[in-house]
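The exercises below are meant to be worked with the sequence and the model open side by side. Each task is followed by a solution that proceeds in steps.

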Amino acid sequence: MDVLPPDLAHYTAAHTSPESDVLRRLNRDTYVNVLRPHMLSGHLQGRVLAMISHMIRPRYVLEIGTYTGYSALCLAEGLAENGRIITIDINEEMEPFARRYWEQTPYASRIEFRAGPAAEIIPALDLVFDLVFIDADKTSYEHYYELTLDKVRPGGFLLADNVLRSGNVLQPVTDVDKDTEAIIRFNETIQNDPRVENVLLPIRDGIMLIRKK
């Protein structure tokens with residue numbers, strides 16, 4: 001998934017602050033015991049998420065796609081005092097795995113897990129978010145974006161993962177799978193949306209950084 005050649009990816013990771021011990025163990029446990037471990041944010045991307053969170057100092061964060069809880073922990077590092085994260089995943093079985101590691105940090109009480117379809121949960125959230133991280137089913141990215149943008153404060157931020165699809169976004173739409181086709185549409189939607197400003201960061205599999213005007 002990394003767009004960099006392996007030697008540059010290794011150099012980049014070697015010159016990035018290390019994971020905490022909890023994150024390192026969560027990383028390894030995911031790769032040993034969970035299906036599709038490449039879905040984990042991992043060291044470099046996790047430090048980017050943590051850095052962005054520290055820069056924003058969000059009071060409320062919404063994460064769509066919990067997986068094993070790694071990215072939620074990274075985003076929690078920069079929370080403002082009394083800030084919290086709502087993280088949504090369709091698979092309720094992920095919570096015990098993630099919670100086991102969350103409980104080993106100071107952030108456990110500030111991470112709220114919601115199980116179920118994000119498209120049903122988001123409209124019922126009566127909060128204004130400073131930061132949203134979208135990392136779930138790719139065919140729903142545009143829908144999640146539209147559902148969340150009105151819940152983000154002016155000047156707030158959204159992040160969307162996997163927007164390079166291992167470089168497959170360069171292929172003709174007729175030659176790609178449905179997930180990649182959806183991401184190509186999503187990227188074009190963001191690029192042409194006058195409500196936001198955006199930068200596509202070539203980090204790991206691509207992160208779209210979006211600021212609501």
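In what follows, an axis is a line fitted to C-alpha atoms, for helices over the stretch in contact, and the angle between two axes runs from 0 to 180 degrees between N-to-C directions. The model is a predicted one.

**Exercise 1. Describe how helix H7 (residues 141–149) and helix H8 (residues 178–191) pack, and classify the residues that make the contact.**

Step 1. Two packed helices are described by the angle between their axes and the distance between the axes.

Step 2. For H7 and H8, the axes come within 9 Å, and they cross at roughly 35 degrees.

Step 3. On the H7 side the contact is made by Tyr 141, Glu 142 and Tyr 145, while H8 contributes Ile 183, Arg 185, Phe 186, Thr 189 and Ile 190.

Step 4. Sorted by class, the residues of this contact are five nonpolar, one polar and two charged.

**Exercise 2. Determine where Ala 160 lies, whether it is buried or exposed, and which residues remote in sequence it touches.**

Step 1. Ala 160 belongs to strand S5 (residues 152–161).

Step 2. Its relative accessible area is 1%, and because the limit for a buried residue is under 20%, Ala 160 is classed as buried.

Step 3. Once neighbours within four places in sequence are set aside, the contacts of Ala 160 are Ile 134, Tyr 141, Phe 186, Gly 206, Ile 207 and Met 208. Two of these names, Tyr 141 and Phe 186, were met in the contact between H7 and H8.

Step 4. As a distance across the fold, the C-alpha atoms of Ala 160 and Gln 45 are separated by 12 Å, although the two residues are 115 residues apart along the chain.

**Exercise 3. Carry out the corresponding analysis for Leu 49.**

Step 1. Leu 49 sits in helix H3 (residues 42–56), and with a relative accessible area of 0% it is buried.

Step 2. Outside the window of four places in sequence, Leu 49 is in contact with Ser 41, Ser 71, Cys 74, Leu 75, Phe 133 and Leu 159.

Step 3. One of these partners, Phe 133, is 84 residues away in sequence, yet the C-alpha to C-alpha distance between Leu 49 and Phe 133 is 9.1 Å.

**Exercise 4. Compare the surroundings of the salt bridges Arg 24–Asp 21, Arg 100–Asp 29 and Asp 135–Lys 138, which are among the 15 found in the whole structure.**

Step 1. The side chains of Arg 24 and Asp 21 meet with an N to O distance of 2.4 Å. Both residues lie in helix H2 (residues 21–33), three residues apart, about one turn of the helix. An α-helix has 3.6 residues a turn, so residues three or four places apart point the same way.

Step 2. Both partners are partly exposed, Arg 24 with a relative accessible area of 44% and Asp 21 with 40%.

Step 3. The side chains of Arg 100 and Asp 29 form a salt bridge at 3.2 Å, N to O. Since Arg 100 is in helix H5 and Asp 29 in helix H2, this pair ties together parts that are 71 residues apart in sequence. Arg 100 is partly exposed at 43% relative accessibility, whereas Asp 29 is buried at 12%.

Step 4. In the salt bridge of Asp 135 with Lys 138, the closest N and O atoms are 3.3 Å apart. Here both partners are buried, Asp 135 with a relative accessible area of 13% and Lys 138 with 10%.

Step 5. Salt bridges that share partners also join Asp 21, Arg 24 and Arg 25 into one network.

**Exercise 5. Which side chain of opposite charge is nearest to Arg 110, and what does the side chain of Arg 110 reach?**

Step 1. Arg 110 is placed in the loop between helix H5 (94–102) and strand S3 (111–115).

Step 2. Arg 110 is buried but has no salt bridge, and the nearest side chain of opposite charge, that of Glu 81, is 8.0 Å away. A salt bridge would need the relevant atoms within 4 Å.

Step 3. The side chain of Arg 110 instead reaches the backbone oxygen of Ala 80, at 2.5 Å.

Step 4. Beyond the neighbours within four places in sequence, the contacts of Arg 110 are Leu 79, Ala 80, Glu 81, Asn 82, Gly 83, Arg 84 and Ile 85.

Notes:
Residues numbered from 1 in each chain as written. Predicted model: local features only at pLDDT ≥ 70, side-chain atom pairs only at ≥ 80, totals over all residues. Heavy atoms only, no water. Helix = DSSP H or I, 4+ residues; strand = E, 2+ residues; numbered from the N terminus. Buried < 20%, exposed > 50% of the residue type's maximum accessible area, 1.4 Å probe, protein only. Lys, Arg positive; Asp, Glu negative; His and termini not counted. Polar contact = N/O pair within 3.5 Å; in protein donor to acceptor, adjacent residues only side chain to side chain. Contact = heavy atoms within 4.5 Å. Nonpolar A, V, L, I, M, F, W, Y, C, P; charged D, E, K, R; others polar.
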